[in-house]
Structures are given as C-alpha cells and as structure tokens.
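Thanks, everyone. I have a few minutes on two helices and the cysteines, so let me put the structure up.

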Amino acid sequence: MNRPLRLPTATSEWQIRVDVGGTFTDGWALDPDGRQLRCKVLSSGLIRLRVVAIESDWLICDRPISSHSSGLEGFATKAGGIVTASVPNEGRLRLENASRYSPGDQLQLFTGEDAPILAARILTGTGVEQDFPPLDFRVATTRGTNALLEGKGEPVDLYTSAGFETLLEVRDQRRPDLFELAPRISIPVTRRIIGISGRLARDGSELEPLDESFVEEIRPSSAIALAMLHADVVPRHEQRVAELLAAHGIAHPSVSHEIAPVIR
C-alpha cells in the first residue's frame with residue numbers, strides 16, 4: 001500500500017535538505033512560513049548561468065537563480081569581480097566588471113564554500129557576509145558510493161579486531177559462480193588490514209585487554225577506517241584506538257561507533 005508523502009511541518013527555523021551527487025547538488029527547503037523552495041548547483045560549488053542581455057550595468061541571466069529578491073551580494077565570478085547587487089528571482093546581477101560580458105557569455109558564480117553551504121545560501125537568500133538564520137540542516141551524499149563503484153578515492157587502511165582481518169574477503173560467502181573452486185575476489189577499498197588484539201563482550205566485560213602495540217603499524221598519511229567487534233554497544237576499545245590514532249597524526253579516522261553504531 002502506497003503511503004502519502006509526509007513533509008516536515010513548518011517551524012520557527014528553516015528546514016534544509018541537501019543531496020550531494022557526483023555532478024549536481026540538489027537542495028530543498030521549508031521556510032518558517034511553510035513555503036517550499038528548491039535549487040540545483042554544481043557539486044564543485046559553482047552556479048553556471050548564461051548572460052542573455054545587459055541593461056545599463058545589470059546582467060540579465062537565462063534563468064532565476066533563487067526565489068529571493070536579494071542574497072547573492074558578495075558572490076564572486078570565475079572571470080573576476082564580485083556581485084554588488086542582485087535580484088535573483090529575476091536573474092538580475094550587478095557586477096564590478098559587468099562591462100567585460102556580452103550576451104551569450106557564460107557566467108560562473110561561487111563563494112569558495114562547499115556545495116551544500118552554497119545551496120543553503122541560495123535557498124535562504126543569505127549573502128556571503130550575512131549569518132544564516134536558525135537552520136535544521138541535513139546533508140546526504142552519493143559521493144562515497146560513486147567512488148566505491150568507480151574504483152576512485154584514497155585507499156584505506158582498515159583497523160579491526162584480530163581474527164576478523166579476512167572478513168571483507170569472506171563476506172557472506174556468496175560468489176558469482178557457486179562452483180568455482182578458486183574464486184577471484186578483489187577488495188579495492190582497503191590497502192592494508194591491521195588486526196588489533198583485545199576483545200569486549202557485548203555485555204561490556206573485557207575478555208582480552210587491548211594490545212596497543214598496533215601503533216607501530218600507523219602511517220600518518222593514510223586514510224583510516226576503524227571497526228571493532230561489538231563497538232556498536234561497547235565502544236570502549238574502539239574509542240581508545242581512535243585516541244591513539246589521533247595521537248599519532250590521524251586527525252579524522254572513520255570510526256564505526258560514531259558513523260553507524262549498528263550490529264554488523
């Protein structure tokens with residue numbers, strides 16, 4: 001049975017939802033009055049427009065840029081120059097260097113911020129020098145999935161509980177060819193897998209103390225993922241490993257109990 005789409009209810013704060021894809025970033029907002037707004041920007045953090053006319057020192061673009069009558073002041077252009085005035089809902093911009101543009105030219109705007117922040121500025125009509133209004137701001141992305149499927153991204157060192165180093169190879173034992181005697185399994189995600197001795201039971205009791213000698217294996221320049229047995233309910237050992245990684249130059253390891261505290 002199909003369930004009706006349930007939108008968030010209007011509150012005193014903006015509700016912003018942003019989805020970052022490989023090429024485009026889509027933004028949706030519900031303002032405090034209950035109105036819905038949408039935008040699309042490049043995931044590189046650019047807004048790409050085309051100049052269709054010039055009126056005095058105003059550039060007229062091929063489409064509206066936002067639903068607001070201002071808010072792009074302070075945006076920069078790739079060709080140099082800053083937006084000094086804007087009427088985004090009419091696609092009108094006033095630039096410091098408007099004279100260098102002609103009808104048909106491409107115009108690229110940016111703020112130097114990541115695409116989700118750029119989308120939030122467009123949705124709320126918040127200029128570069130202005131503070132955002134109170135926000136409930138949530139971001140989703142397919143960049144990680146895309147990098148995994150395309151075999152791109154930085155190779156990762158995985159730190160896990162000793163005895164589970166081959167888990168990514170064993171997986172759930174499904175194989176493309178069930179009767180192949182020597183299945184060829186590739187694991188493009190990890191560069192190294194380091195097993196750490198130490199075990200906590202799910203009730204929190206320590207079955208084996210944590211062996212901290214693994215620090216000898218740390219490479220400060222590596223991207224690191226950390227996933228230890230039962231860390232979803234008793235993350236004590238995993239927290240200590242994360243502390244040691246940070247002390248040895250790994251500022252932002254991906255830690256399982258912080259990212260996805262669920263079994264498996």
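One term before the cysteines: a residue counts as buried when its relative accessible area is under 20%. Keep in mind that this is a predicted model.

By that cut-off Cys39 is buried, because its relative accessibility is 11%. Cys61 is buried as well, with a relative accessible area of 6%. How many disulfides does a search of the whole structure find? It finds 0. For a disulfide, the two sulfur atoms have to be within 2.5 Å. The cysteine sulfur closest to that of Cys39 belongs to Cys61, and it is 16 Å away, so a bond is ruled out by distance. Taken from Cys61, the closest cysteine sulfur is that of Cys39, again at 16 Å and too far for a bond.

Now the helices. H1 covers residues 115-124, and 9 of its 10 residues are buried. Among them are Leu118, Ile122 and Leu123, along with Arg121 and Thr124. What do the buried residues of H1 pack against? They pack against strands E1, E2, E3, E4 and E10. Just after the helix comes Gly125, with a positive phi of about 70 degrees.

H4 runs over residues 236-247. From first C-alpha to last, H4 reaches 17 Å, close to the expected 16 Å. Its buried residues are His237, Glu238, Val241, Ala242, Leu244 and Leu245. Viewed down the axis of H4, these fall within an arc of 160 degrees, so they line one face of the helix. The general background is that an α-helix has 3.6 residues a turn, so residues three or four places apart point the same way. After H4 there is Gly249, also with a positive phi, near 95 degrees.

How values were computed. Residues are numbered from 1 along each chain as its sequence is written. This is a predicted model: local features need pLDDT of at least 70, side-chain atom pairs count only at pLDDT 80 or more; totals for chains, interfaces and linings use all residues. Side-chain values use heavy atoms; hydrogens and water are left out. Buried means under 20% relative accessible area, exposed over 50%, partly exposed in between (1.4 Å probe, protein chains only). Helices (H or I, at least four residues) and strands (E, at least two) are DSSP runs, numbered from the N terminus. Contact means heavy atoms within 4.5 Å. The expected span of a helix is 1.5 Å times one less than its number of residues. The arc is that of the directions from the helix axis to the C-beta atoms.
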